[in-house]
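Reader: I'd like to go through the labels on this one and see what number sits behind each of them. Can we do that?

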Amino acid sequence: MCGAGLPADPAGHRDLAQQAREHGDELAVLAHLLAAQVLETGDAHAGTRLAAVGTGYFMKNEHATARRWYELALQLDCAMAAAWQNLAAIHAQAGDHRQAEQCRGRAYGLQRIFVEDAGQSRRRVLLLCSGRSSGNVPFDLLVPTPGNCRIKYAIDYAAPAEDDALPASDLAFNAIGDPDVAEPLDERLRAFARRYARPLLNAPERVAATRRDRLPALLHAIAGLQTAPCIRLDDLPAAPASASGALARWLDARRLALPLLVRPAASHGGEGLVRCADQAGLERALRAAPGPGYLSAYRDYRSPDGYYRKYRVVFVDRRPYPYHLAISPHWMVHYYSADMLVDPWKREEEARFLAAPQAELGAPAWAALEALGRRLDLDYAGVDFTLLANGEVFVFEANATMLAHRERPDGPLAHKNAYIQRIADAFERLLQKHCA
């Protein structure tokens, strides 16, 4: 590593400890004194101790500080896979994907199996994960420690022969929930599923069926539910992106009409999403597309009050549980950009949805969501949707990579934790059922 940003000598860390003491930062004081000690004594575990400091800052979400400690630790011991893992996550969040990929390569070149066991585990759960992507399900909520021993397996970096050397497990959870991320591993995952002798949650073929362009066919004919036409853009012919007449004919042949949405594959949360109102804008978006993606019809889903509403429901063992509602003046709805923390009436409406989703949406819409959960046939999944003026459900996406996490117990959204706990409890019952 280069440019660690921290001194590599004991005296430098003592100076920084004194500066931190003057600023009242006791954590930094302890960290720098520890660094001085391990560097001075030549502690064989110096790298591990300094990486632990980095992890402390990483858990506090102080990524810039965590990065400096990880880089110093890795200068002393470059064989710490977990430090490389967390450093990769820090670079990815900062948008430096090249550095992130390099760090992942270092991490998973050293180690593909990561066992997290606090010694109080009721069961051992094997988590099939993608090391190269963030398309994994939220297993921190669903498979928490210390109740579970988590065996995280970066299967995309592992050779098939390594499957036979995995630690014993009670069941496996295919945590690669994004079908675009899972697709290159399709045969690898299916072969693992055929050989694995214990229960496997979220079968690979069911995850594959949720790809955006496959979803309309999967959800076809569910009463009270609509989806947007969507096609996959893998090898888009040159003509549509370069000649207006050819593009118009290309769209007509696929029964697509403007406005249209262009988005990269394996993207969520609106990353890279472009709404094209006219043909010129569509041509620009297609030319700028970095790789595989999707072209889908746009639906104006404004409510009568002029706001856009995006609901999220999570499915555990095919049953629906309300997770959140975001209300925004903009068509691209994100919870934290929708002023949900600013406008009390929005949180009050969300609270009503969480407490009584069937009453808020209407019985036909809730029945459509129940049918959707059965049709997905996944042990864990979720759906983002809105409610149309006629009371029908309009689906934006439905897959197994839907985020669900607890809120800060002392924060403004702490009231949601009771409903999030229902999701965690439902998944615990699912685990118990399969381990019985």
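Author: Sure, here is a walk through helix packing, ring pairs and unusual backbone spots.

Author: Ground rules first: this is a predicted model, where local features need pLDDT of at least 70, side-chain atom pairs count only at pLDDT 80 or more, and totals for chains, interfaces and linings use all residues. Residues are numbered from 1 along each chain as its sequence is written, and side-chain values use heavy atoms, with hydrogens and water left out.

Reader: What makes α5 roughly antiparallel to α6?

Author: Helix α5 (residues 81–93) packs on helix α6 (residues 97–110) at about 165 degrees, with the axes 8 Å apart. The cut-offs are under 35 degrees for roughly parallel, over 145 for roughly antiparallel, 65 to 115 for roughly perpendicular, and oblique for the rest. The pair therefore counts as roughly antiparallel. Axes here are lines fitted to C-alpha atoms, for helices over the stretch in contact, and angles run from 0 to 180 degrees between N-to-C directions. Helices are DSSP runs (H or I, at least four residues), as are strands (E, at least two), numbered from the N terminus.

Reader: Which residues make the contact of α5 with α6, and how do they divide by class?

Author: Contact means heavy atoms within 4.5 Å. Among those involved are Trp84, Leu87 and His91 of α5 and Cys103, Arg104 and Tyr108 of α6. The split is ten nonpolar, four polar and two charged. Nonpolar covers Ala, Val, Leu, Ile, Met, Phe, Trp, Tyr, Cys and Pro; charged covers Asp, Glu, Lys and Arg; the others, Gly among them, are polar.

Reader: And what makes α1 roughly antiparallel to α2?

Author: Helices α1 (residues 10–22) and α2 (residues 26–41) cross at roughly 165 degrees, their axes coming within 8 Å. That angle makes α1 roughly antiparallel to α2. By class, their contact has ten nonpolar, two polar and three charged residues.

Reader: Why is the pair of Tyr311 and Phe353 called edge-to-face?

Author: Rings of Phe, Tyr and Trp (its six-membered ring) pair if their centres lie within 6.5 Å; planes under 30 degrees apart are stacked, over 60 edge-to-face, the rest tilted. Tyr311 and Phe353 sit 5.0 Å centre to centre with 70 degrees between the planes, which fits edge-to-face. Tyr311 is in strand β11 (residues 308–316) and Phe353 in helix α15 (residues 344–355), so the pair ties together parts 42 residues apart in sequence.

Reader: How do you know whether Tyr311 is buried or exposed?

Author: Buried means under 20% relative accessible area, exposed over 50%, partly exposed in between (1.4 Å probe, protein chains only). Tyr311 has 7% relative accessibility, so Tyr311 counts as buried. Phe353, at 0%, is buried too.

Reader: What makes the pair of Tyr311 and Phe385 stacked?

Author: The planes of Tyr311 and Phe385 are 15 degrees apart, and the centres 5.2 Å, so by the cut-offs the pair is stacked. Phe385 lies in strand β13 (residues 380–387), so this pair ties together parts 74 residues apart in sequence.

Reader: What about the backbone: what is unusual at Arg255?

Author: Most residues other than glycine have a negative phi, and most peptide bonds are trans. Phi of Arg255 is near 55 degrees, a positive value. Arg255 lies in the loop between α13 and β8, and its relative accessible area of 78% makes it exposed. Phi of Arg318 is near 75 degrees, also positive, and at 23% Arg318 counts as partly exposed.

Reader: Where are the cis peptide bonds?

Author: One joins Thr145 and Pro146, with omega about 5 degrees. Another joins Leu258 and Pro259, with omega about 0 degrees.
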